[in-house]
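Subject: A structure to look at together

Hello,

I am handing over a structure that I have been going through, and I hope you enjoy looking at it. Please open it first, and then read on for what I found.

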Amino acid sequence: MRKTLEVAGFLLLLQGAMGLVTEFTDRFDVGLISRVGFLDGYEVYASIAAVVLALALFALAESRPK
């Protein structure tokens with residue numbers, strides 16, 4: 001369970017970071033957040049939420065026994 005939480009956290013962190021890079025640079029069109037239709041105009045907020053959720057998953061993974 002711990003490894004699953006860590007992998008999910010890493011993927012969310014990666015998607016959130018790529019979403020922020022896409023929004024602030026307009027050079028790279030990477031990540032899934034910019035491709036989700038109902039998030040148009042809210043990509044920055046969704047990327048920040050993904051990063052925060054990733055940090056929460058990392059904290060939850062740390063609290064689980066090995």
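Let me begin with one pair of residues: Asp 29 and Arg 35 are both exposed. Their side chains meet in a salt bridge, with 3.5 Å from N to O. Please keep in mind throughout that this is a predicted model.

**The overall picture**

The protein has two helices and zero strands. Its C-alpha trace spans about 40 × 20 × 15 Å along the principal axes. Of its 66 residues, 27% count as buried. The accessible surface comes to about 4700 Å², and carbon and sulfur atoms make up 69% of that. If you take the contacts with a separation of 6 or more, 58% of them are between residues 24 or more positions apart.

**Salt bridges**

The count of salt bridges comes to four. As general background, side chains of opposite charge can pair when their charged atoms come close.

Besides the pair I opened with, have a look at helix α1, where Glu 6 has two partners to show you. One is Arg 2, whose side chain meets that of Glu 6 in a salt bridge at 3.5 Å, N to O. These two residues are four apart in helix α1, about one turn of the helix. The other is Lys 3, which forms a salt bridge with Glu 6 at 3.8 Å, N to O. Lys 3 and Glu 6 also both lie in helix α1, three residues apart, again about one turn.

How exposed are these three? Arg 2 counts as buried because its relative accessibility is 18%, and the limit for buried is under 20%. Glu 6, at 24%, counts as partly exposed, whereas Lys 3, at 61%, counts as exposed. Glu 62 joins in as well: Arg 2, Lys 3, Glu 6 and Glu 62 are linked in a network of salt bridges.

**A buried charge without a partner**

Which residue is buried yet has no salt bridge? That is Glu 43, for which the nearest side chain of opposite charge, Arg 35, is 9.9 Å away. A salt bridge needs a nitrogen within 4 Å of a carboxyl oxygen, so this pair does not count as one. Glu 43 lies in helix α2, which runs over residues 43-63. The side chain of Glu 43 does reach the backbone nitrogen of Gly 41, at 3.1 Å. Leaving out residues up to four places away in sequence, Glu 43 touches Glu 23, Ile 33 and Ser 34.

**Thr 22 and its surroundings**

Ser 34 turns up again around Thr 22, a residue of helix α1. Thr 22 counts as buried because its relative accessibility is 7%. A polar atom of the Thr 22 side chain lies 2.9 Å from the backbone oxygen of Met 18. Apart from neighbours within four places in sequence, Thr 22 is in contact with Phe 28, Asp 29, Val 30 and Ser 34. Asp 29 is the residue you met at the start, in the salt bridge with Arg 35.

**The loop**

Between α1 and α2 there is a loop, and Asp 26 lies in it. Most residues other than glycine have a negative phi. Asp 26 has a positive phi of about 55°, although it is not a glycine. Is Asp 26 buried or exposed? At 68% relative accessibility, Asp 26 counts as exposed.

**On the surface**

Val 7, Phe 10, Leu 11 and Leu 14 form a nonpolar patch on the surface, and together they have about 360 Å² of accessible area. Leu 14 belongs to helix α1, residues 2-25. With a relative accessible area of 37%, Leu 14 is partly exposed. That value is over 30%, so Leu 14 passes the accessibility limit for joining a patch.

On helix α2 you will find Val 52, which is exposed, with a relative accessible area of 51%. From Val 52 to Leu 32 there are 20 residues in sequence and 17 Å in space, C-alpha to C-alpha.

If you would like a place to start, try Glu 6 with its salt bridges to Arg 2 and Lys 3, and then turn to Glu 43, which is buried and has none.

Best wishes

Conventions:
Residues numbered from 1 in each chain as written. Predicted model: local features only at pLDDT ≥ 70, side-chain atom pairs only at ≥ 80, totals over all residues. Heavy atoms only, no water. Buried < 20%, exposed > 50% of the residue type's maximum accessible area, 1.4 Å probe, protein only. Lys, Arg positive; Asp, Glu negative; His and termini not counted. Polar contact = N/O pair within 3.5 Å; in protein donor to acceptor, adjacent residues only side chain to side chain. Contact = heavy atoms within 4.5 Å. Patch = residues over 30% accessible without salt bridge, like charges linked within 9 Å, V, L, I, M, F, W, Y side chains within 5 Å. Areas by Shrake-Rupley, 256 points an atom, 1.4 Å probe, with all protein chains shown as cover.
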